[in-house]
Amino acid sequence: MELQARLSALRQKLPPQVTLVAVSKTKPAADILEAYQAGQRVFGENKTQEMAAKASELPPDIHWHMIGHLQRNKVKNIAAFVSLIHSVDRFELLAEINKQAKRNGRIIPCLLQMRIAREETKHGLSAQQIKDIIFSDDVKQMSHLRISGLMGMATFTDNKAQVAAEFSSLRALMNELSSMELPERCQMDICSMGMSGDWEIGVAHGSNMVRIGSALFGSR
Ligand SMILES: *Cc1c(COP(=O)(O)O)cnc(C)c1O
């Protein structure tokens, strides 16, 4: 199947409230343009230089989402244009994002990445760390960022019950936070869960943003 056919087949399966982030990491700009021509506007990348290079040659109305582990000294490469950073996994990163957003006269929306997988390799914060960040006085002072929700990556496994339990734990924290009075510039609007292999489980457990790469663009 061609990319555009895969894209429309996937769109038909996704409920209307779910935003599709087409994960284009490692794929050439030509592939992104092909998806763009089929109406896709949101793309996910995991390396700042690659994202910046693609952004400079592709249409300006693309929304670029950073989904990969982000180093502090690389925030400046994307601060001028990034639409959403999914992968905030430590406090120091928020301070740097705020600083670079301010320098660019912007407010950058961020998601806090929760560690839901059992695998040691997955980055992310605990539920307690997420609460500590959201309610910290330091973060309240960071006027150039917005915390828009949470992101999580499940364990890479065929065990659907385990994936479901992991996604449920993230959704439960979002629901708990949503019932609380949150600081200004913090809303639990976006629940980013689900990739090519597990997006259906993610959506079934309350995801409203899926990050899909290989099922659209082919294997990497
Ligand atoms: C690569 C990546 C994806 C997409 O993975 P696929 O299995 O190709 O759909 C989603 N989220 C993150 C954080 C990624 O790094």
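Trainee: Helices (H or I, at least four residues) and strands (E, at least two) are DSSP runs, numbered from the N terminus. Where is the place of Lys 99, then?

Mentor: Lys 99 belongs to helix α4, which covers residues 91-103. Before we go on, this is a predicted model, where local features need pLDDT of at least 70 and side-chain atom pairs count only at pLDDT 80 or more, while totals for chains, interfaces and linings use all residues. Residues are numbered from 1 along each chain as its sequence is written, and side-chain values use heavy atoms, with hydrogens and water left out.

Trainee: OK. Is Lys 99 buried, exposed or partly exposed?

Mentor: Lys 99 counts as partly exposed because its relative accessibility is 44%. Buried means under 20% relative accessible area, exposed means over 50%, and partly exposed is in between (1.4 Å probe, protein chains only).

Trainee: How far apart in space are Lys 99 and Met 195?

Mentor: From C-alpha to C-alpha, Lys 99 and Met 195 are 31 Å apart, with their positions 96 residues apart in sequence. Met 195 is one of the residues surrounding the ligand.

Trainee: Which other residues surround the ligand?

Mentor: Besides Met 195, the ligand has around it Val 23, Lys 25, Ile 67, Met 153, Ser 196, Arg 211, Ile 212, Gly 213, Ser 214 and Arg 220. To be near the ligand, a residue needs one heavy atom within 4 Å of it.

Trainee: What does the side chain of Lys 25 do with the ligand?

Mentor: An N or O atom of the Lys 25 side chain is 2.7 Å from a ligand oxygen. That is a polar contact (a pair of N or O atoms within 3.5 Å; within protein, one must be able to donate a hydrogen and the other to accept it, and residues adjacent in sequence count only if both atoms are side-chain atoms).

Trainee: And Arg 211, which ligand atom does its side chain meet?

Mentor: A nitrogen: this ligand atom is 2.9 Å from an N or O atom in the Arg 211 side chain. With Ser 214 the partner is a polar backbone atom, 2.8 Å from an oxygen of the ligand.

Trainee: How much of the ligand does the protein bury?

Mentor: The protein buries 90% of the 390 Å² that the ligand exposes when taken alone. The areas are Shrake-Rupley values with a 1.4 Å probe.

Trainee: New topic. What is odd about the backbone at Thr 26?

Mentor: Thr 26 is not a glycine, but its phi is positive, about 70°. Most residues other than glycine have a negative phi. Thr 26 is in the loop that joins β1 (19-23) to α2 (29-37), and it counts as exposed because its relative accessibility is 55%.

Trainee: What about Arg 185?

Mentor: Arg 185 also has a positive phi, about 65°, without being a glycine. Its loop runs between α7 (160-178) and β7 (186-193).

Trainee: β7, right. Where is Ser 192?

Mentor: Ser 192 is in strand β7. It is classed as buried because its relative accessible area is 0%. The C-alpha atoms of Ser 192 and Leu 111 are separated by 8.2 Å, though the two residues are 81 apart along the chain.

Trainee: Now the glutamines. Is Gln 17 buried or exposed?

Mentor: Exposed, because Gln 17 has a relative accessible area of 51%. Gln 17 is in the loop between α1 (3-13) and β1. Gln 17 and Met 209 are 8.4 Å apart, C-alpha to C-alpha, and 192 residues apart in sequence.

Trainee: And Gln 40, buried or exposed?

Mentor: Gln 40 is buried, because its relative accessible area is 4%. This residue lies in the loop between α2 and β2 (42-45). Its side chain reaches the backbone oxygen of Val 42 at 2.8 Å.
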